[in-house]
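Please load the model in your viewer with a cartoon representation and side chains available on demand. The tour below proceeds by selection, one region at a time.

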Amino acid sequence: MKTTIQYGPQHPVWVEPIRLKLNVDGEFVKDVEYEGGFVHRGIEKRFEFDYNKGPYLAERVCGICSTHHSTCYCLAAEKTMNLEVSRRATIIRTIICELERLHSHILAVGLTLEAIGFENLFMLCFRTRESVLDVFERVTGNRVLHGHNIVGGVTRNIGPEMAKEMSDFCDELEKKCHDLENMIVNSYTIKQRMKGIGIMSEKLARDLAVVGPVARGSNVAYDVRHADPYIMYDEVKVEPIVEKDGDCWARSIVRVREWFQSIDIIRQCLPLLDGTPDEIFVKSKALPEGEHFARVEAPRGELFYYLRGKKSKELDRVKIRTSTYGNAPGIVPLVKGCHLADVGFITVTFDPCIGCIDR
């Protein structure tokens, strides 16, 4: 029987509102329309004020990848003033970004498992993620919106005691992540539920220009940290992690493998703090002028900030291209033709952030 189903805008599988209009024939989706914009805030316009307050506003585009937003904004703003940030601030930014990737990927994998009914594993992922948030609180003073980046550097240093604490934390977290990994990859039921579902071919991923774990799960070896290194990624070892199958399992396993990559990067960065001068902030002698952009590898993929200054404290224009905005076009072709029961599950493996998409 053919019918139309309104999927959302409020649905238990999504934290935020989007709507899919599904034309189904029996249990299978024949056509789908995507509708977003429910949480559009016009936030880009609000950036056209004091550039020093931009990092705090950038963090509020997305609560999950807030440091990547403020880092990308600061990198673009610092280019408009030809401002070179101290090495110590750059190392600290790298460590915080990788901590954020860890908590975001653990959250994404937990939500994916919840979507297919594994509530217990979901809670175990959240318990592990909480330990990462505790470290954020110790380092930055905040668990989610860190207020850590400012134009010209960072607000808090990482001293020897905190570096030792973070090194011990990496050992403890690695063990917890291996436990989670073993439970996931050795589960016959999870594999059966995720493999072969929501397949995005490498060609489709390249044609749609999707980014992040969605692209790398389809054998597209694109990672901004490797392709266009920024902050410390030209010194630490980063190789794109890819899977070939392009299905829900592949996208999730990319995130699981990136847990250990982030831990390894933090371990590479911590020794670099030894002997580095304690300077964490450099004051600019110029005002933003001209147009520049910066891009970073956020947990969900490439994040892009464009800034145009007019030689005053107020910015002339700020434009953001978020990773989930780039990935959203991939949802429709994967949902079309799938089983109705897989619609929510497939979209969750994209790790969608509607606040990022709508801005």
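Select residues 289-298 and 301-310 of this predicted model. These are strands E6 and E7, which pair in the antiparallel sense over 10 bridges. The connection from E6 to E7 is a hairpin of 2 residues. Within the pair, display Glu 297, which has Glu 302 of E7 standing opposite.

Next, turn to the N-terminal strands. Select E1 (2-7) and E3 (28-35), then add E2 (residues 19-25). Together the 3 strands form an open sheet in the order E1-E2-E3, with antiparallel pairing. E1 and E3 stand at the edges and each has a single partner strand, so one side of each lacks a neighbour in the sheet. From one strand to the next, the twist averages 20°.

Stay with E2 and E3, whose antiparallel pairing extends over 7 bridges. Asp 25 has Phe 28 of E3 as its bridge partner. The hairpin of these two strands has 2 residues between them, and in it Gly 26 adopts a positive phi near 70°.

Now move to the helices. Select H6 (residues 160-185) and H11 (residues 248-269), whose axes lie 10 Å apart at an angle of about 165°. Because an angle over 145 degrees counts as roughly antiparallel, H6 and H11 are described in that way. Their crossing is left-handed. To inspect the contact, show the side chains on both helices:

- On H6, the contributing residues include Cys 170, Leu 173, Cys 177, His 178, Leu 180 and Ile 184.
- On H11, they include Trp 249, Ile 253, Val 256, Trp 259, Phe 260 and Ile 263.

Colouring this contact by residue class gives 13 nonpolar, 1 polar and 4 charged residues. Among the residues to look for are Asp 171, Glu 174 and Glu 181 of H6, and Arg 267 of H11.

Keep H11 displayed and add H4 (residues 87-115). The axes of H4 and H11 come within 9 Å and cross at roughly 155°, and the two helices are therefore roughly antiparallel to each other. The crossing of H4 and H11 is left-handed. Here too, the side chains of the contact may be shown:

- On H4, they include Ile 91, Ile 95, Leu 99, Leu 102, His 105, Ile 106 and Val 109.
- On H11, they include Ser 252, Arg 255, Glu 258, Ser 262, Ile 265 and Cys 269.

The contact of H4 with H11 comprises 13 nonpolar, 5 polar and 4 charged residues. Which residues of H11 take part in the contact with H4 and also in the contact with H6? Among them are Val 256, Trp 259, Ile 263 and Ile 266, listed for H4 and for H6.

Finally, select Cys 65 and Cys 356, which an unreviewed UniProt entry lists under "binding site". They span 292 residues in sequence, yet no two of their C-alpha atoms are more than 9.5 Å apart, so they gather at one spot. Where does Cys 65 lie? Cys 65 is found in the loop between helix H2 (54-59) and helix H3 (66-80).

Conventions
Residues are numbered from 1 along each chain as its sequence is written. This is a predicted model: local features need pLDDT of at least 70, side-chain atom pairs count only at pLDDT 80 or more; totals for chains, interfaces and linings use all residues. Side-chain values use heavy atoms; hydrogens and water are left out. Axes are lines fitted to C-alpha atoms, for helices over the stretch in contact, and angles run from 0 to 180 degrees between N-to-C directions. Helices (H or I, at least four residues) and strands (E, at least two) are DSSP runs, numbered from the N terminus. Angles under 35 degrees count as roughly parallel, over 145 as roughly antiparallel, 65 to 115 as roughly perpendicular and the rest as oblique. A crossing is left-handed if the near helix is turned anticlockwise from the far one by less than a right angle, and right-handed if clockwise. Contact means heavy atoms within 4.5 Å. Ala, Val, Leu, Ile, Met, Phe, Trp, Tyr, Cys and Pro count as nonpolar, Asp, Glu, Lys and Arg as charged, and the others, Gly among them, as polar. Two strands pair if DSSP finds at least two bridges between them. UniProt positions are given in the numbering used here, feature names are shortened, and annotations may be inferred rather than shown by experiment.
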